[in-house]
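Here are a few notes to keep beside you while you look around. Take them in any order you like.

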Amino acid sequence: MEQRVLAVAVLFLGWSLSFCLSQTYLLDDEEGLGRVFDGIGGLSGGGATSRLLVNYAEPYRRQILDYLFKPHFGASLHILKVEIGGDAQTTDGTEPSHMHYENDENYFRGYEWWLMKEAKKRNPNITLIGLPWAFPGWVGHGKNWPYDYPDITAAYVVNWILGAKQYHDLDIQYVGVLLQVRNTKKLYNYIQCSVFRTDDYYCCTTAHYPGTNTVMEAVKTKKKLWSSEDYSTFNDEVGGGCWARILNQNYVNGLMTSTISWNLVASYYDELPFGRDGLMTAEEPWSGNYVVESPIWITAHTTQFTQPGWTYLQTVGHLAQGGSYVALTDGKGNLTVVIETMTHDHSVCIRPPLPPFSVTSQNATFQLKGSFASIKELQVWRSQFNFKTKKPLFFEKLTPLKLLDGSLTLNLAEDEVYTLTTIPTGQKGSYPDSPPSARFPKVYKDNFNVPNPSFSEAPNFADQTGVFEYYINMTDPGPHVFTLRQVLTERPVTWVADADQTISVIGDYQWQNLTVVCDVFMESIKTGGVFIAARVDKGGQSVRSAKGVFFWVFADGTYKVTNDLAGQTVLAEGQSGTRAYGWNTLSLTVEGQDVSGLLNGDPLWKKTVVLTPKNGWAAIGTHSFELAQFDNFAVVAE
């Protein structure tokens, strides 16, 4: 019995000693420095991830932008990367091209121009990057591949760069070309080059979702290494933990000097693919509600205390009991150290799979050497996820730490992030709480009468295939002068499986019983077709398989009601007398299992029955890639 007690006592003593002992980590520049830091960023696009942001009223829209871009306030991002719109579905929607057709140029479509200017307004030094995911059909010359005619593809991208400067005074620092093997979804590293430098060094080798690792072949190129699309994880606290881990370990493990989050802000309908996979959430412009999520403050731990052009120390790495630390300097005496102790289950990203590892509480002593030995005090900022109590504390400023002979010791618990820095300007910016969350209005109308729209898309419509833009119908002297028009006449060079029909969704995904009304105008003789829809259950990269209740009329004088966007499951059909170049008013009512419709106020079919789906968005669209107009859209939902 005495031996057992003694053994337990020795075991307990050994554990106590190991816990109290501190591992020492040198922060030293005497042997040289590491790679140059290129910044932390967010990605708008790939696709249509900022769609709802532009529809926010002030002051809420300004506040969201401040949390993202304003220095010393929130995320204080160094980089904004945007999609060069290609008229195709690129994950959560389509973004319009600056060149729908070869002889067409318009540098005011979409919202990325506006977003870049707003970012630049807040941070004049922000780095701007453009990348095309998809291309208008003419670029591929009839093929779903944009690289068989490299001169055409290059000229298309160059026009976008020149348009950014000419029309918006925006200097695009980098552009990239995403390489994808034909007929696969597999992404390969791609070269992203500086617009203003032609020497080989200013091209970066970049990867998407590298899992914090870089292949040795990329390291051997001695080029800059970037994780140019990363994160893509639900932005709860585990998502924040994912972001904290990869921001450090992308450099510690992979020597990547820039990490860019997909996406910048989750500003698209939540039920689209990858809902809430942004640094913050702003998906309710109708209510004004937005949420500053944990990744904003995790970003601030690095961005508020560094700048592109700083340099990593060579003395970075993993902590003895799990976690990691990085240190950067501006070469002028300033030092910033970022430490994370995220545990495995609290830092899982959506991809790739995360191998097992362990993190336990530990003491860590940091010994400053070289030019940092004279530093006497460091500012301290801390985030504690507190998964057990579910009361997280993010980006708190603590009492500055005094250094003794260039040394300091921290007691690091699990799931924490620390910043130690000589930079005194950090700030946890704040605004009053945004308005309460609310469902999309049950009664909604839009007559599209906007003579000088700020944006080419109508509020709250989310294009899923095709492009729907404000249009001035100069040939119509009647009430339909200002309309919404689907403008694509050929299938784009797609990134994912766009539908064969065009479709734009709107409203509350939970809508069940509702009436949708819209005036429609076909512009394709005999072959034209348009629809209104209710209970649409899919969008984004799954839009081809969308089901719902679709009420179609065609220019050959027929109609049909289908249970799917593809038009394969027919619920009712017959003669309508509809023709191209004439306005018709469609009305679709879905109540329980019953579906009824009106054409110009007259019943078109007896009630038919639909069993699924039970709920979904309202929508408008066309039978193919064809010109068609829509006006006086209205929804009344129960």
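1. A polar contact here is a pair of N or O atoms within 3.5 Å, and within protein one of them must be able to donate a hydrogen and the other to accept it. With that in hand, look at lysine 81: a polar atom of its side chain lies 3.0 Å from the backbone oxygen of serine 228. Please keep in mind that this is a predicted model.

2. Lysine 81 sits in strand S4, residues 79-83. Which side chain of opposite charge is nearest to this buried lysine? That is glutamate 229, 5.3 Å away, and lysine 81 has no salt bridge.

3. Elsewhere, charges do pair up: the whole structure holds 16 salt bridges. One of them joins arginine 122 and aspartate 66, at 2.6 Å from N to O. Arginine 122 belongs to helix H3 (residues 112-122) and aspartate 66 to helix H2 (residues 60-69), so this pair ties together parts 56 residues apart in sequence. Arginine 122 is buried, at 15% relative accessible area, and aspartate 66 is buried too, at 7%. Both belong to a salt-bridge network with Glu118 and Lys121.

4. For a contrasting setting, try lysine 143 and aspartate 148, whose salt bridge spans 3.3 Å from N to O. Lysine 143 is partly exposed at 44% relative accessibility, and aspartate 148 is partly exposed at 30%.

5. Finally, visit helix H6, residues 237-252, which reaches 23 Å from first C-alpha to last. H6 bends by about 25 degrees at isoleucine 246, and 14 of its 16 residues are buried. At its start, a side-chain oxygen of aspartate 236 comes within 3.2 Å of the backbone nitrogen of valine 238.

Terms used. Residues numbered from 1 in each chain as written. Predicted model: local features only at pLDDT ≥ 70, side-chain atom pairs only at ≥ 80, totals over all residues. Heavy atoms only, no water. Helix = DSSP H or I, 4+ residues; strand = E, 2+ residues; numbered from the N terminus. Expected span 1.5 Å × (residues − 1). Bend = angle between axes of the 7 residues up to and from the residue. Buried < 20%, exposed > 50% of the residue type's maximum accessible area, 1.4 Å probe, protein only. Lys, Arg positive; Asp, Glu negative; His and termini not counted. Salt bridge = Lys/Arg side-chain N within 4 Å of Asp/Glu carboxyl O.
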